[in-house]
Amino acid sequence: MKRKVAALLSVALMVTMLSPLAAVAAIYHSYVKTNNYGPLNMRSDVSVNSEKTGSIPYGKQVIVWDYYNGNTWALVEYNGKQGYVMTRYLTNDKPEPKPAPNPTPAPAPYPYADLTRMVDGFQDTSYWVMVRPATPGGFVHMRWAPSKQMGIMKDFFDGMQLEVLSQNRTWCQVRDQNTGKTGFMMRSFLQEIGYGGEVGYGAEMNTNPDTDQAAYQGDDFDADTSGDVES
């Protein structure tokens, strides 16, 4: 009898000793992986409307304690702080590092011999225009010289206003009053507003376009109303 009691006590002691090990083994690790490489919001509850309690950078490892709402949310721990995140942005495998941004190419140098020919026929003028891309929400290039082979100085979005300094039938020399930049844009994507908002000659033309046809969308998650990722 004493041997049986001793054996039972030994088993109970082993179970007690192994329980913490079993709990530790149950801890689950995941990594943050967002399509736009931005941080993942941590919330106080399983809702995107709940209070934001922190954020977890892309690629960082978290401890997953439990799942909620059909495994769409998880209670995680990062840097000693707990909160809820959307499981759609968690992965078992460590994601690839965030790619380095592409360097901005240097503008093409002026071919001065051709520049004189390019601006031949331009007439001085002074009026205001509004940028009107072919695609609503898109943008139009400002170039160093009146040629689509010249480097792009800046992109101007739909509705931005510029001052026209000179022009020919196809191009306008424009100036951005905010930055002082001066360059050339195609008249077909400019609407005259300097004289009572009337539409100028350029707005009626739409040939030989120099604009990006697809509207600018930014990161994938900007249009994802169900997501919880910072851009």
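Trainee: In which strand does histidine 29 lie, and is its side of the story one of being buried or exposed?

Mentor: In this predicted model, histidine 29 is placed in strand S1, which covers residues 28–32. As a general idea, the side chains of a regular strand alternate between the two faces of the sheet. Histidine 29 has a relative accessibility of 38% and therefore counts as partly exposed, since that class lies between the cut-offs of under 20% for buried and over 50% for exposed.

Trainee: Which residues does histidine 29 touch, leaving aside those up to four places away in sequence?

Mentor: Histidine 29 touches Gln61, Val62 and Ile63. The C-alpha atom of isoleucine 63 is separated from that of histidine 29 by 4.7 Å, although the two residues are 34 apart along the chain. For the protein as a whole, 59% of the contacts between residues at least 6 apart in sequence join residues at least 24 apart.

Trainee: How should I read the pairing of strand S5 with S4 and S6, and what happens in the turns?

Mentor: Look for the sense of the pairing and for facing residues. S4 (residues 61–68) pairs with S5 (residues 73–78) in the antiparallel sense over five bridges, with tyrosine 67 opposite alanine 74. Four residues lie between the strands of this hairpin, and asparagine 69 in the turn has a positive phi of about 50 degrees. S5 also pairs with S6 (residues 81–86), again antiparallel, over six bridges, and here glutamate 77 stands opposite glutamine 82. In this hairpin two residues separate the strands, and asparagine 79 takes a positive phi near 55 degrees.

Trainee: How many residues of S5 are buried?

Mentor: Five of the six residues of S5 are buried, whereas buried residues make up 35% of the 231 in the protein.

Technical notes. Residues are numbered from 1 along each chain as its sequence is written. This is a predicted model: local features need pLDDT of at least 70, side-chain atom pairs count only at pLDDT 80 or more; totals for chains, interfaces and linings use all residues. Side-chain values use heavy atoms; hydrogens and water are left out. Buried means under 20% relative accessible area, exposed over 50%, partly exposed in between (1.4 Å probe, protein chains only). Contact means heavy atoms within 4.5 Å. Two strands pair if DSSP finds at least two bridges between them.
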